Amino acid sequence: MNRAHISKYINSLLADISKLSNTLCAMNNTDIERYPDNYGMLSTDAALHSELIACKMRHLLYGSTNMKKSEYLTSAGVVQGIRISEKDGVLNIFLPRLISKRKGRKNSEFLTDPLYFTLSQYADSHELPKFQHCVICFSHIYSKELPLSRVRDYDNLELKQLLDVIAAFVMEDDSGLLCDAYNTTELGEQDCTCISVMGKERFFEWIAERENRLKSISDF
């Protein structure tokens with residue numbers, strides 16, 4: 001990447017940052033109680049702009065320095081707070097944010113790339129299960145301190161890209177014949193997403209356990 005191209009790329013980033021700053025100012029001046037829908041749209045726009053800026057910055061880093069993509073994205077997973085654990089036959093993945101709406105590859109890349117390298121690093125020191133018939137559960141947890149109008153439809157979320165990444169590590173195949181997908185919306189202390197993968201025989205027990213731990217909006 002030559003100097004002229006770098007400068008053009010940085011100017012594009014500065015323009016994106018300016019748009020983000022303007023949106024944040026608009027959020028700060030919006031009455032969230034009187035205009036929750038407007039605030040929701042502004043906050044979503046700000047979040048998506050932030051992700052786009054982060055992804056563009058990554059590509060600038062890869063193209064203009066000697067930093068290895070795998071090395072950086074493993075660190076990005078740590079900074080983002082992605083956590084992976086296994087307990088009682090269930091693989092649990094914690095993402096400290098809500099899953100993005102379907103807005104293009106760049107926005108999903110913000111999360112899927114660090115997740116891939118975090119799973120890869122975890123697999124280096126842990127024997128991951130390989131499920132043939134399984135259920136993958138997406139628990140979308142919204143902060144109970146914020147308006148319920150923020151809750152989004154499942155079919156507008158970037159779930160497929162996350163499923164593809166996870167399937168590469170722990171599933172024989174993510175075909176509908178072998179893998180069922182389940183979504184639940186819950187209230188919690190903070191916005192986050194918990195993904196759980198398990199054998200089908202474990203699913204109903206998992207639902208009962210989770211219902212006891214978290215206040216849920218949806219009816220089981």
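**Charge distribution, overall form and selected residues**

The protein carries 26 positive and 30 negative side chains, and the centres of these two sets lie 7 Å apart. The structure described here is a predicted model, and each value reported below was computed from it. In terms of secondary structure, the protein comprises six helices and five strands, which follow one another from the N terminus in the order α-α-α-β-β-α-β-α-β-β-α.

With respect to overall dimensions, the C-alpha atoms of the protein fill a box of roughly 55 × 50 × 25 Å when the principal axes are used as the frame. The radius of gyration is 19 Å, which agrees with the value near 17 Å that a compact globule of 220 residues would have. Of the 220 residues in the protein, 42% are buried, and the surface that the protein exposes amounts to about 12,300 Å², of which carbon and sulfur atoms supply 51%. Among contacts in the protein with a separation of 6 or more, 80% are accounted for by residues 24 or more positions apart.

Three residues illustrate separate parts of the model. In helix 1, which spans residues 3–28, S12 has its place; with a relative accessible area of 30%, S12 is classed as partly exposed, because this value lies between the limits of 20% for buried and 50% for exposed residues. The side chain of S12 makes a polar contact with the side chain of K56, at 3.3 Å. The C-alpha atom of S12 is also separated by 9.5 Å from that of I53, a residue 41 positions away along the chain.

T112 belongs to helix 4, which covers residues 105–125. Its relative accessible area is 10%, and T112 is therefore counted as buried, the cut-off being under 20%. When residues up to four places away in sequence are not counted, T112 touches Q161, L162 and V165.

D88, in turn, is found in the loop that lies between strand 1 (83–87) and strand 2 (90–95). Its relative accessible area of 55% is over 50%, so D88 is classed as exposed. The backbone of this residue deserves separate mention: D88 has a positive phi of about 50°, although it is not a glycine. Most residues other than glycine have a negative phi.

Terms used. Residues numbered from 1 in each chain as written. Predicted model: local features only at pLDDT ≥ 70, side-chain atom pairs only at ≥ 80, totals over all residues. Heavy atoms only, no water. Helix = DSSP H or I, 4+ residues; strand = E, 2+ residues; numbered from the N terminus. Buried < 20%, exposed > 50% of the residue type's maximum accessible area, 1.4 Å probe, protein only. Polar contact = N/O pair within 3.5 Å; in protein donor to acceptor, adjacent residues only side chain to side chain. Rg over C-alpha atoms; globule rule 2.2 N^0.38 Å. Contact = heavy atoms within 4.5 Å. Areas by Shrake-Rupley, 256 points an atom, 1.4 Å probe, with all protein chains shown as cover. Lys, Arg positive; Asp, Glu negative; His and termini not counted. Charge placed at Lys NZ, Arg CZ, Asp CG, Glu CD.
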